[in-house]
Amino acid sequence: MTVICRPVHPDQPVTQNSMPAAAVEPRSFARDQHSISRKHISANALRVLYRLREAGFSGYLVGGAVRDLLIGREPKDFDVATDATPEQCRQLFRNCRLIGRRFRLAHVMFGPEIIEVATFRANAAGDPEEDSEHVSESGRILRDNVYGSIEDDAVRRDFTCNALYYTIEDFSVRDFVGGFEDCRDRVLRLIGDPETRYREDPVRMLRAARLSAKLDFSIEPGSEAPIRSLGHLLGEASNARLFDESQKLFLSGHGQASLAALQRLGLLAVIMPDVHAALTSDTSGLCQQMLERAMANTDQRVAEGKPVTPAYLFAALLWPVYAAGVQAMIAEGHALAVAEQRAADRAILRQCQHIAIPRRFSQQMEEIWFMQTRMQHRQRKRVMRLLAHPRFRAAYDFLELRASIVPQLADELAFWESMQGEQRDVVLDASGAPSGDGPRKPRRRRRKRTAASGG
């Protein structure tokens, strides 16, 4: 099959740092030119694609799934793009529900797996009056339900590596914006003018940091250049959305690389200004080491399939802010308990202005912090009370994290490790576990004799 050169809009030439505003004809990479096999694609995603084709619609596997399959990664989920509207998808699939207002989507549910089906979108451009309804004064997109063709859909996506379409018609990959080569070269490149695209949706800057960390891609210089000057636009994004994005950054198995990317691009100072200030003022470098260790431990837990929680992660991220606040308030003459409570409230409330940490997590953060002081006491009554606390294990893990950076905490860590061992022994003994004398024989319950039983 002939590979067609990259299409160029007649009114806009392709430059080094910009992509065409519209595509005319895709380049098509045949099955023998790529590594994607149907055996690596979710059977449910294939069912959706074949059902769409049977109904007379076109359907493509699109986005991160195609990108990940091309670079040899296992996709987290599978998304489909089609020319069928969400309402038509709901008629085709009984197990379908529609979600979203700004961006209408169809979710086709197969038990725990959800195949997301999106209708081809187009940019709302051309009519100034129409533009004013869809875009804010700063250029941010407000509404995004303008349907279009597959060519329109490709050029409105964020990065070239996410604008690849796999079709079951001939098992080829269709490329409208040069994403195939960027996947091969492991380059993250924005589609269109980078500054305009960042203004449309400032969260794209966080996505650039996250995807470069997750995929080990370099960010194309033209796509990276505007980030430092436009980072302040993240203040326009909702703090709830930034919480969701922060979980993707730090709790998806690449938190350590994401933290490094945020610092390099100057975005940590925007979404976590107090943390950035604390790290900058810490001349010892211990706070930086602690956060990197916390991220590395979280990444390892994700890789091993163990559970992770935002409470522990944000407790580690905000610990330098909290600890500095406690010291400042003690210096002002406040009692320790008062200083801890006020420092915790201040650290969390100020951070929630940027990232909305739900109360169920912020409360756990406070408990983890407060228990660090209580674990310094070794009176037996207090020790047993702490061991019974529902948040003890998280607090102990946090102490272990701190001790990995501060050797002076090694004795305290060893004490609590031994106390947990003693508690396990007591619990086992009380439960009738086997001892050195051999297994205990079960006692037979004697039935109470009654008049009805002849007793």
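Let me start with one cut-off: a residue is exposed when its relative accessible area is over 50%, and buried when that area is under 20%. Arginine 184 has a relative accessibility of 58%, so arginine 184 counts as exposed. Keep that in mind. One caution before going on: this is a predicted model.

Now, arginine 184 has a partner. It forms a salt bridge with aspartate 185. The closest N and O atoms of that pair are 3.2 Å apart. And the partner? Aspartate 185 is partly exposed, at 44% relative accessible area. That value falls between the two cut-offs, which is why aspartate 185 gets the middle label.

How many salt bridges does a search of the whole structure find? The count is 18. Here is another one. Aspartate 175 bridges to arginine 27, with 2.8 Å between the closest N and O atoms. This pair links distant parts of the chain. Aspartate 175 sits in strand β8, residues 173-175. Arginine 27 sits in strand β1, residues 27-29. The two are 148 residues apart.

Are these two buried or exposed? Aspartate 175 has 0% relative accessibility, so it counts as buried. Arginine 27 is buried as well, at 7%. The linking goes on from there. Arg27, Asp175 and Glu181 are joined in a network of salt bridges.

One further bridge. Arginine 157 pairs with aspartate 153, and their closest N and O atoms are 3.1 Å apart. Both of these residues are buried.

On to the rings. A pair of aromatic rings is described by the distance of the centres and the angle of the planes. The whole structure has 13 aromatic pairs. Take tryptophan 319 and phenylalanine 398: their centres are 5.3 Å apart, with 65° between the planes, and the pair is edge-to-face. Where do they sit along the chain? Tryptophan 319 is in helix α16, residues 310-331. Phenylalanine 398 is in helix α20, residues 392-405. That is 79 residues apart, so this pair too links distant parts of the chain.

Both rings are out of the way of the probe by our cut-off. Tryptophan 319 is buried at 13% relative accessible area, and phenylalanine 398 is buried at 0%.

Next, phenylalanine 415 and tryptophan 416. Their ring centres are 5.3 Å apart and their planes stand at 80°, so this pair is edge-to-face. Phenylalanine 415 is buried at 17%. Tryptophan 416, at 0%, also counts as buried. Phenylalanine 415 has a charged visitor: arginine 378 lies over the face of its ring, 4.6 Å from the ring centre.

Back to tryptophan 319 for a moment. Ring pairs tie Tyr312, Trp319, Tyr322, Trp369 and Phe398 into a cluster.

Last topic: the largest pocket. Its volume is about 1800 Å³. The lining has 44 residues. Which lie nearest the centre? Asp79, Glu116, Arg207, Arg210 and Lys248.

Several elements give two or more residues to this lining, among them α2 (64-70), β3 (79-82) and α11 (239-250). The largest share comes from α8, with six residues. By class, the lining has 25 charged, twelve nonpolar and seven polar residues.

Notes. Residues numbered from 1 in each chain as written. Predicted model: local features only at pLDDT ≥ 70, side-chain atom pairs only at ≥ 80, totals over all residues. Heavy atoms only, no water. Phe/Tyr/Trp six-rings, centres within 6.5 Å; stacked < 30°, edge-to-face > 60°. Helix = DSSP H or I, 4+ residues; strand = E, 2+ residues; numbered from the N terminus. Buried < 20%, exposed > 50% of the residue type's maximum accessible area, 1.4 Å probe, protein only. Lys NZ or Arg CZ within 6 Å of the ring centre and 35° of its normal. 1 Å grid on protein atoms, 1.4 Å probe; cavity = no way out; pocket = protein on both sides within 12 Å on 5 of 7 lines; lining within 4 Å. Points joined across faces, edges and corners; volume = space filled by probe spheres on them. Nonpolar A, V, L, I, M, F, W, Y, C, P; charged D, E, K, R; others polar. Salt bridge = Lys/Arg side-chain N within 4 Å of Asp/Glu carboxyl O.
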